[in-house]
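User: I want to go through this model and test each label against its criterion. Start with the rule for the ligand shell, then apply it.

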Amino acid sequence: MWHTNLRARRGVGHVEPGHEGATATLDQMRTALITGITGQDGRFLADLLHEKGYRVVGLMKGQNNPRAELIQREHPFVELVHGDLCDLTSLVTALSAIQPDEVYNLGAISFVAMSFNQAELTANVTGLGVLRMLEAIRIVGGNQNNPIRFYQASSSEMFGKVREALQNEKTPFHPRSPYGCAKVFGHDITVNYRESYDMFACSGILFNHESERRGMEFVTRKITNAVARIKLGVQHELVLGDLEPRRDWGYAGDYVKAMWLMLQQDQPDDFVVATGETYQVKEFVRLAFEAVGIDDWQRYVRQDARFMRPSEVDLLIGDASKAERELGWKREVSFPDLVRKMVDNDMEIERRAIAVAN
Ligand code: GDP
């Protein structure tokens, strides 16, 4: 039932993990639309889909978006189309023009701390944006046998004040931030459209995932960048908020593979993607300093209430056994390797910046 017209026309059927080639003919070439193309996950996913032979289109909002240049430089194969998750008409227009086989909705106001200050904007983009995209897919693809497969980027922040020690697809939600609340709406409306309109719509509940491309506002990248700068003598301290919280931190490059796998199944479903391990912020800090040969990290770290939050999520640990069993997904990058990769990358960037300045 899910192998619908567009897929049949293009000769695309179920693809076994690992057996997909980059040799698709134009006729068979699948098209993917990614919202949030300029973000960390959008860029990893764009690379992955390109390797698999997809035509990759990114939704970009605004005129002269400064990040368009980054995409064009680093991912020249990506086509950009104008559209905004706050503007249904623009989504319908984009989908009609592109006729995608798969839509990955990664666009969001995604920084939890900021969501407390811009709660309404977060609800509009991160929450209602999902509804608008689903509506656009329904309008363009039809009420029945809709050929467009949809992935919603849901988040472990939905679990917030956790109801059970290990969180899986059945764990009730209790979000602790406007961001988490908006993501719960996005998840629920995705399930609702799947059930109401038989759409191939999946929600991936991804726990924290980091990488060299993480924004500087997130604690992991803030730490690795500061560590590199401290090591090179251009910064003297690292100012952080709470060092006690724990996170289940994985590598973004591993996680986008799970997104793709979800849309290749025979039936749409929801999956938790996580490592099942947690580390405290201060353990991340210690490993990052150790990666550059600094053992007495406490000397360089200061805490400041500015970076504390009105409320924190409890201990988030994901149970990804369903994704492992049904999708054949497995994470490849360990926590110490993740920290090292990020520190090495920031050392490289900061060394280059120093060389240019001199
Ligand atoms: P989140 O899991 O999406 O909220 O990811 P973040 O990287 O923003 O935050 C992870 C944890 O690090 C949270 O519990 C923060 O309170 C904590 N944290 C401590 N200091 C900082 C800081 O300076 N910046 C950020 N972003 N988080 C911090």
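Analyst: A residue counts as near a molecule if its C-beta atom, placed from the backbone, lies within 6 Å of it. By that rule 17 residues surround the ligand, and F218, V219, G241, P245 and F307 come nearest. The elements giving two or more residues to this shell are α5 (112-117) and α8 (219-231). Bear in mind that the model is predicted.

User: Which helix gives the most to the shell around the ligand?

Analyst: Helix α8 does, with three residues.

User: How do the residues of the shell divide into nonpolar, polar and charged?

Analyst: Eight are nonpolar, three are polar and six are charged. Pro counts as nonpolar and Gly as polar.

User: What makes this a shell shared by domain 1 and domain 2?

Analyst: Each of the two domains supplies at least three residues to the shell. The domain assignment gives domain 1 as 2-210 + 249-273 and domain 2 as 219-247 + 278-316 + 334-357.

User: How do you know that domain 1 and domain 2 touch, and how far apart are their C-alpha centres?

Analyst: Contact needs C-beta atoms within 7 Å. On that test, 16 residues of domain 1 are in contact with 14 residues of domain 2. The domain 1 side of this interface has seven nonpolar, five polar and four charged residues. The C-alpha centres of the two domains lie 29 Å apart.

User: Why does the radius of gyration agree with a compact globule?

Analyst: For 358 residues, a compact globule would have a radius of gyration near 21 Å. The protein has 20 Å, so the value agrees. Along the principal axes, the C-alpha atoms fill a box of roughly 60 × 50 × 40 Å. The protein has 12 helices and 13 strands.

User: What share of the contacts comes from residues 24 or more positions apart?

Analyst: That share is 77%, taken over contacts with a separation of 6 or more.

User: How many residues are in the largest nonpolar core, and which touch the most other members?

Analyst: The core has 94 residues. I34, I137, F150, A258, V273 and A288 touch the most other members. Helix α9 (residues 252-262) gives the most to this core, with eight residues. Domain 1 and domain 2 each supply at least three residues to the core. In soluble globular proteins, nonpolar side chains tend to be buried together. Buried residues make up 46% of the 358 residues here.

User: Which residues is I137 in contact with?

Analyst: Beyond its neighbours within four places in sequence, I137 contacts L95, V103, N146, I148, F150 and M199.

User: Why is A252 called buried?

Analyst: The cut-off for buried is 20 or more other C-beta atoms within 10 Å. A252 has 22, so A252 is buried. This residue lies in helix α9. Leaving aside neighbours within four places, A252 contacts Q40, D41, F44, H209, E210, S211 and R213. R331 is 79 residues away along the chain, with a C-alpha separation of 9.7 Å from A252.

User: What makes L49 buried?

Analyst: L49 has 24 C-beta neighbours inside 10 Å, so L49 counts as buried. L49 sits in helix α2 (residues 40-51). Not counting residues up to four places away, L49 touches A32, Y54, V56 and W260. The C-alpha atoms of L49 and A32 are separated by 7.9 Å, with their positions 17 residues apart along the chain.

User: Is A355 buried or exposed, and how do you know?

Analyst: Exposed requires 12 or fewer such neighbours. A355 has 8 inside 10 Å, so A355 counts as exposed. A355 is found in helix α12 (residues 335-357). The C-alpha atoms of A355 and S155 are separated by 39 Å.

User: Why are N145 and D198 called partly exposed?

Analyst: Partly exposed is the range between the exposed and buried cut-offs, 12 or fewer and 20 or more. N145 has 15 C-beta neighbours inside 10 Å, so N145 falls in that range. D198 also has 15, so D198 counts as partly exposed.

User: What is the phi of N145 and of D198, and where do these residues lie?

Analyst: N145 has a positive phi of about 50° although it is not a glycine. N145 lies in the loop between α6 (119-141) and β5 (149-155). D198, not a glycine either, has a positive phi of about 60°. The loop holding D198 runs between α7 (178-197) and β6 (201-206).

Methods:
Residues are numbered from 1 along each chain as its sequence is written. This is a predicted model: local features need pLDDT of at least 70, side-chain atom pairs count only at pLDDT 80 or more; totals for chains, interfaces and linings use all residues. Helices (H or I, at least four residues) and strands (E, at least two) are DSSP runs, numbered from the N terminus. The radius of gyration is taken over C-alpha atoms; the globule rule is 2.2 Å times the number of residues to the power 0.38. Two residues are in contact if their C-beta atoms, placed from the backbone, lie within 7 Å. A nonpolar core is a set of buried Ala, Val, Leu, Ile, Met, Phe, Trp, Tyr and Cys residues joined through C-beta atoms within 7 Å. Domain bounds come from an automatic or database domain assignment.
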